[in-house]
Amino acid sequence: MERLAGTRVMNDMVPPGKNYTYVWPVREEYAPAPADANCLTWVYHSHIDAPKDICSGLIGPLLVCKEGMLNRYSGTRADVDREFIIMFTLVEENQSWYLDENIRHFCTDPDSVDKDDAVFQRSNKMHALNGFLFGNFPEPEMCVGESVSWHLFGMGNEIDIHPIYFYGNTFISRGHRTDVVNLFPATFLMAEMIVENSGKWMITCQVSDHLQAGMLGQYNVGNCKSDILHPKMNGQQRRYFIAAEKVLWDYGPLGYDKFSGLPLNASRRTPFWDSSIVMLQSTSHKGKTE
Ligand SMILES: [Cu+2]
């Protein structure tokens, strides 16, 4: 996979139908540090032409675990009940080595396809979880009370900024409790979850364009374990309300730019300034945990 500068050796390229055994020594500098999760997420991918290779599917995860975390015989995790791996990336089918073949096989009129056409190119940008869009991602199954290790990574381009939100359950990532992690190209993360809430929950990218383009999947949590101890809730129950009211909102009640002293509609950035906009304003009261 790794191209070696100036040489052509066996591991420079593996032709179709052939194989090559790579040996990767796992040295200490690639291992989880004491405060890390028990297994770190890494990836491997082809480097012949990395962007095209990755968009053609030549990429996969590689986990490096602390000693004793894997079952000696099966190689599966011994420290958690479940583990899942998800790649979040905008798969650029325009970059795929198979683009011409795909056009020939799957377009009704291949000769009419203009590969430089902006609409055609946009239709080939797949906002995917492990290569699946709009909930077609195979749904991970788990039980309330189980420990789940999520290995998440991003790849791709400058557009691949993915704040990934897990509905329904929180997790620990980089030492913080959260339900959102931020993935960028070639960013690898771990999310350690103790599953608390049953149901069918979404996993989504929170970038609005990506969400609308299909970057969302689901995971399922069942009440399938009987020996779950739920902590007692001792706090007092309080009732609050959230109201939405229509108000006339003024973004610049002073009528001028406080820094330049100019009227707000004098700036080239705000030539169409109209200070009053009708908005919904929400009012909320805070609750606290006890
Ligand atoms: Cu995204």
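In the predicted model, Asn130 lies in the loop that links strand S4 (125-129) to strand S5 (141-143). The phi angle of Asn130 is near 50°, a positive value in a residue other than glycine. Because 14 C-beta neighbours fall inside 10 Å, Asn130 is classed as partly exposed. Phe134 is located in the loop between S4 and S5 as well, and Phe134 likewise shows a positive phi, of about 45°, although it is not a glycine. With 13 C-beta neighbours inside 10 Å, Phe134 also counts as partly exposed.

Strand S5, which follows this loop, belongs to an open sheet of five strands arranged in the order S5-S13-S12-S7-S10, with mixed pairing. S5 and strand S10 (180-183) form the edges of the sheet; each has a single partner strand, so one side of each is left without a neighbour in the sheet. On average, neighbouring strands of this sheet are turned by 25° against each other, direction ignored. The pairing of S5 with strand S13 (residues 216-222) is parallel and comprises three bridges. Within S13, Val221 stands opposite Met142.

A further set of pairings centres on strand S6. Seven of the eight residues of S6 (residues 147-154) are buried, and the strand is therefore largely enclosed by the rest of the structure. S6 runs parallel to S3, to which it is joined by seven bridges; in this pairing, His151 of S6 stands opposite Ile85. S6 is also joined to strand S11 (residues 187-194), here in antiparallel fashion and through eight bridges. Phe153 has Phe188 as its bridge partner in S11. In general, strands of a sheet pair through backbone hydrogen bonds, in either a parallel or an antiparallel manner.

The largest nonpolar core contains 34 residues, of which Phe88, Leu129, Trp150, Leu152, Ile164 and Ala191 touch the most other members. The greatest contribution to this core comes from strand S3 (residues 82-92), which supplies five residues. Such grouping may be set beside the tendency of nonpolar side chains to be buried together in soluble globular proteins. The surroundings of Leu152 illustrate the contacts made across the sequence. When neighbours within four places in sequence are left aside, Leu152 is in contact with Thr41, Ile86, Phe88, Ile164, Val181, Leu183, Leu189 and Ala191. Among these partners, Phe88, Ile164 and Ala191 are themselves listed with Leu152 as the core residues that touch the most other members.

An exposed position is provided by Leu254, in the loop between strand S14 (242-250) and strand S15 (276-284). Leu254 has 10 other C-beta atoms within 10 Å, and the limit for an exposed residue is 12 or fewer, which means that Leu254 is classed as exposed. Leu264 is ten residues away from Leu254 along the chain, and the C-alpha atoms of the two are separated by 8.9 Å.

For the chain as a whole, four helices and 15 strands are assigned. Of its 290 residues, 17% count as buried. Among contacts in the chain with a separation of 6 or more, 67% are accounted for by residues 24 or more positions apart.

Note on methods
Residues numbered from 1 in each chain as written. Predicted model: local features only at pLDDT ≥ 70, side-chain atom pairs only at ≥ 80, totals over all residues. Core = buried A, V, L, I, M, F, W, Y, C linked by C-beta atoms within 7 Å. Buried ≥ 20, exposed ≤ 12 C-beta atoms within 10 Å, placed from the backbone. Helix = DSSP H or I, 4+ residues; strand = E, 2+ residues; numbered from the N terminus. Contact = placed C-beta atoms within 7 Å. Pairing = 2+ DSSP bridges. Axes fitted to C-alpha atoms, helices over the stretch in contact; angles between N-to-C directions.
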